[in-house]
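Me: I would like to learn how to read a few features of a protein model with some care. Could you take me through them one at a time, with the general idea before the case?

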Amino acid sequence: IVATQMLESMVGCPTPTRAEITDIATAIRQGTSCVMLSGETAAGKYPVEAVSTMAKVARQVDLHPLVERKVNAAKRKVSALRALAHAAVTVAEDLQVNRLLVACNSGSSVATVAALRPRCMVTAICDRPEAQHRATILRGVDSVLVEENGALPRQTMIAAVKALVADGRLQPLHKVACLYGFPTAIRSPKASISCFVINATGDDIIESEDFSSLR
């Protein structure tokens with residue numbers, strides 16, 4: 001969340017400065033999930049105008065691709081998590097999946113994925129309500145609560161897929177990509193990316209390496 005005096009001049013003036021507009025746009029392009037006003041609306045003379053201005057800038061910036069997505073390891077240090085998140089988003093978009101599932105323990109993994117602005121919906125797979133709550137602020141992210149299968153991480157992700165089918169967020173023949181850990185899906189460091197297809201009746205999940213027949 002970026003929330004420090006983003007439209008400070010609008011406390012007493014109905015229009016923002018060019019620098020303030022640039023700050024809002026830059027924060028969104030760099031992957032923040034939320035921009036927030038405080039004094040501008042709590043004590044300012046133009047609270048409605050301030051909210052309208054911020055919303056207008058956010059909508060315009062969101063119309064354009066995120067230019068900071070590319071990972072360039074030659075120029076800067078890139079964490080393993082960021083590299084995996086980038087790979088998962090790339091897989092999800094290249095295969096045109098319906099949803100990207102991310103196993104979520106502390107929230108950092110799904111936050112890293114969300115900051116890359118994937119074009120599909122992201123679901124945080126959690127085994128604790130606290131992790132679910134942390135994921136709700138992230139842009140384009142919802143969550144589902146499942147029980148961790150300590151011996152079979154793939155089964156944890158399949159259980160999540162089935163839960164999403166049951167509540168209507170996924171449908172038969174939908175495609176999903178999953179980013180999860182090993183040896184346990186949620187609690188272990190993220191290490192695996194798998195793709196699944198839901199069968200025609202919606203009661204089974206098939207691991208797939210070829211989605212071309214479903215496009």
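Me: Which residue shares a polar contact with the side chain of Ser-194?

Reply: A polar contact is a pair of N or O atoms within 3.5 Å, where within protein one must be able to donate a hydrogen and the other to accept it, and residues adjacent in sequence count only if both atoms are side-chain atoms. In this predicted model, the side chains of Ser-194 and Tyr-180 are joined by such a contact of 2.8 Å. Residues are numbered from 1 along each chain as its sequence is written, and side-chain values use heavy atoms, with hydrogens and water left out. Because the model is predicted, local features need pLDDT (the predictor's confidence in each residue, from 0 to 100) of at least 70, and side-chain atom pairs count only at pLDDT 80 or more, while totals for chains, interfaces and linings use all residues.

Me: Is Ser-194 buried or exposed?

Reply: Buried means under 20% relative accessible area, exposed over 50%, and partly exposed in between, with a 1.4 Å probe and protein chains only. Ser-194, found in strand 5 (residues 190-198), is buried, with a relative accessible area of 7%. Strands (E, at least two residues) and helices (H or I, at least four) are DSSP runs numbered from the N terminus.

Me: What does the side chain of Lys-190 reach?

Reply: Lys-190 also needs its setting, for it lies in strand 5 and is buried, with a relative accessible area of 15%. Its side chain reaches the backbone oxygen of Ser-188 at 3.2 Å, and a polar atom of that side chain lies 3.3 Å from the backbone oxygen of Ile-186. Contact means heavy atoms within 4.5 Å, and, leaving aside neighbours within four places in sequence, Lys-190 is in contact with residues including Leu-81, Ala-103 and Ser-109. Lys-190 and Ser-109 are 81 residues apart in sequence, yet 7.8 Å apart in space, C-alpha to C-alpha.

Me: Which residues of helix 3 are buried?

Reply: In helix 3 (residues 47-62), the buried residues are Ala-50, Thr-53, Met-54, Val-57, Ala-58 and Val-61. They lie on the same side of helix 3 because they cover an arc of only 125° around the axis, the arc being that of the directions from the helix axis to the C-beta atoms. The face turned away from that buried side carries the exposed residues Val-48, Lys-56 and Arg-59, whereas what covers the buried residues includes helix 1 (18-29) and helix 2 (39-42).

Me: Where is the pLDDT below 50?

Reply: The mean pLDDT of the protein is 86, and 90% of its residues reach 70 or more. Over residues 71-75, however, the pLDDT is below 50. Where pLDDT is low, the predicted coordinates should not be read in detail.

Technical notes
Expected span 1.5 Å × (residues − 1).
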